[in-house]
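Please read the following report with the sequence and the model side by side. It goes from the whole chain to single helices, and then to individual side chains.

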Amino acid sequence: MNTIINTFAGLLIPFLGTSLGAAGVFFLKREIGSRAVQILNGFSAGVMTAASVWSLLIPAIEECENLGMLSFLPAAIGTWLGVIFLSLIEHLPSDLTERGAGDLSEDSSLLSFAVTIHNIPEGMAVGIVYAGVIFGGDEVALAGAFALSIGIAIQNIPEGAIISMPLFARGKSKPRSFAAGVLSGAVEPIAGALAVLAASVILPAMPYFLGFAAGAMIYVVVAEMIPEVHADGKGFYGTISFAFGFTVMMCLDVALG
């Protein structure tokens with residue numbers, strides 16, 4: 001019973017990190033200038049780019065080391081599937097988007113969608129580790145699984161922020177922006193629980209899931225965020241904030257990975 005309770009808590013911890021990051025929107029002032037929008041978009045793009053590499057692509061390649069020189073293949077296939085999928089989502093026929101959520105690029109739904117997709121394999125990874133704890137019954141493994149949950153939660157703080165803050169910068173209310181950030185992380189405990197129940201099925205496909213999430217995030221960075229950074233034709237502050245966000249996320253991923 002204690003193991004089940006610990007597993008439940010461990011699956012929720014990363015979600016709490018995302019929620020904490022999303023709550024940062026409440027500390028922003030009421031109106032955000034164009035320069036601040038550039039900085040926020042640059043920082044978000046940097047975080048997403050670093051997360052795509054160190055949180056997703058590198059782990060996907062490492063999981064396929066048994067393929068030798070072709071260890072990159074599942075990650076590459078997954079990446080292209082993610083890029084193609086996001087491209088299709090963004091270019092849905094106008095009549096479908098009008099009946100649905102509206103212009104995806106205008107209200108940052110595509111960004112939210114990409115980060116949500118990124119959170120699914122992270123949740124699965126945590127769930128698979130806890131599945132090993134449940135079926136192995138190793139207290140040392142439990143401590144390692146808990147440390148993984150804490151590490152991902154810390155990584156998720158800037159990820160929650162990059163959902164809520166740009167939404168607020170584009171005119172959404174603070175509660176709505178916060179809710180979007182929280183919802184992007186809600187998939188993690190769900191994906192983790194499913195992974196616990198079906199670890200043996202999900203584990204072989206994890207490199208493809210990781211690559212898919214990376215492709216989705218890279219697409220959003222290039223198609224949606226970089227143009228915002230250079231909206232005024234200069235983009236100096238956005239470029240510097242991109243480098244800062246990239247460095248922050250890289251350090252978190254390496255230190256806590």
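## Overall fold

Read from one end of the sequence to the other, the protein chain follows the pattern α-α-α-α-α-α-α-α-α-α, and its secondary structure accordingly comes to 10 helices and 0 strands. The model is a predicted one, and the descriptions below should be read with that in mind.

Of the 257 residues in the protein chain, 46% are buried. Among contacts in the chain with a separation of 6 or more, 85% are accounted for by residues that are 24 or more positions apart. The chain exposes about 12500 Å², and carbon and sulfur atoms supply 72% of that area.

## Helices H2 and H7

Helix H2 covers residues 34-62, and its 29 residues should span 42 Å at 1.5 Å a residue; the end C-alpha atoms are 41 Å apart, which agrees with that expectation. Within H2 there is a bend of about 30 degrees, located at Ala 51.

Helix H7 covers residues 174-197, and by the same reckoning of 1.5 Å a residue its 24 residues should span 34 Å, in agreement with the 36 Å that separates its end C-alpha atoms. The N-terminal end of H7 is capped by Ser 173, which has a side-chain oxygen 3.2 Å from the backbone nitrogen of Arg 176. The buried residues of H7 include Ser 177, Ala 180, Gly 181, Ser 184, Gly 185, Glu 188, Ala 191, Gly 192 and Ala 195. An α-helix has 3.6 residues a turn, so residues three or four places apart point the same way.

## Two buried polar residues

Ser 177 has its place in helix H7 and counts as buried because its relative accessibility is 0%, where the cut-off is under 20%. Leaving aside neighbours within four places in sequence, Ser 177 is in contact with Val 25, Ser 164, Leu 167, Phe 168 and Lys 172.

Asn 119 lies in helix H5, which covers residues 109-136, and is likewise buried, with a relative accessible area of 1%. Once neighbours within four places in sequence are left aside, the contacts of Asn 119 are Asn 156, Glu 159, Ser 184, Gly 185, Val 187 and Glu 188. Of these partners, Ser 184, Gly 185 and Glu 188 are listed among the buried residues of H7.

## Aromatic pairs

How many aromatic pairs does the count come to? The count comes to 7 aromatic pairs. One of them joins Phe 85 and Phe 113 in a tilted arrangement, 6.0 Å centre to centre and with 35 degrees between the planes. Because Phe 85 lies in helix H3 (residues 73-90) and Phe 113 in helix H5, this pair ties together parts that are 28 residues apart in sequence. Both rings belong to partly exposed residues, with a relative accessible area of 34% for Phe 85 and of 31% for Phe 113.

The rings of Phe 236 and Tyr 237 form an edge-to-face pair, because their planes stand at 80 degrees, with the ring centres 5.3 Å apart. Phe 236 counts as exposed at 54% relative accessibility, whereas Tyr 237, at 38%, counts as partly exposed. Elsewhere, ring pairs link Trp 54, Phe 242 and Phe 246 into a cluster.

Definitions and conventions:
Residues are numbered from 1 along each chain as its sequence is written. This is a predicted model: local features need pLDDT of at least 70, side-chain atom pairs count only at pLDDT 80 or more; totals for chains, interfaces and linings use all residues. Side-chain values use heavy atoms; hydrogens and water are left out. Helices (H or I, at least four residues) and strands (E, at least two) are DSSP runs, numbered from the N terminus. The expected span of a helix is 1.5 Å times one less than its number of residues. Buried means under 20% relative accessible area, exposed over 50%, partly exposed in between (1.4 Å probe, protein chains only). A polar contact is a pair of N or O atoms within 3.5 Å; within protein, one must be able to donate a hydrogen and the other to accept it, and residues adjacent in sequence count only if both atoms are side-chain atoms. The bend at a residue is the angle between axes fitted to the seven residues ending there and the seven starting there. Contact means heavy atoms within 4.5 Å. Accessible areas come from the Shrake-Rupley method with a 1.4 Å probe; for residues, only the protein chains shown count as cover. Rings of Phe, Tyr and Trp (its six-membered ring) pair if their centres lie within 6.5 Å; planes under 30 degrees apart count as stacked, over 60 as edge-to-face and the rest as tilted.
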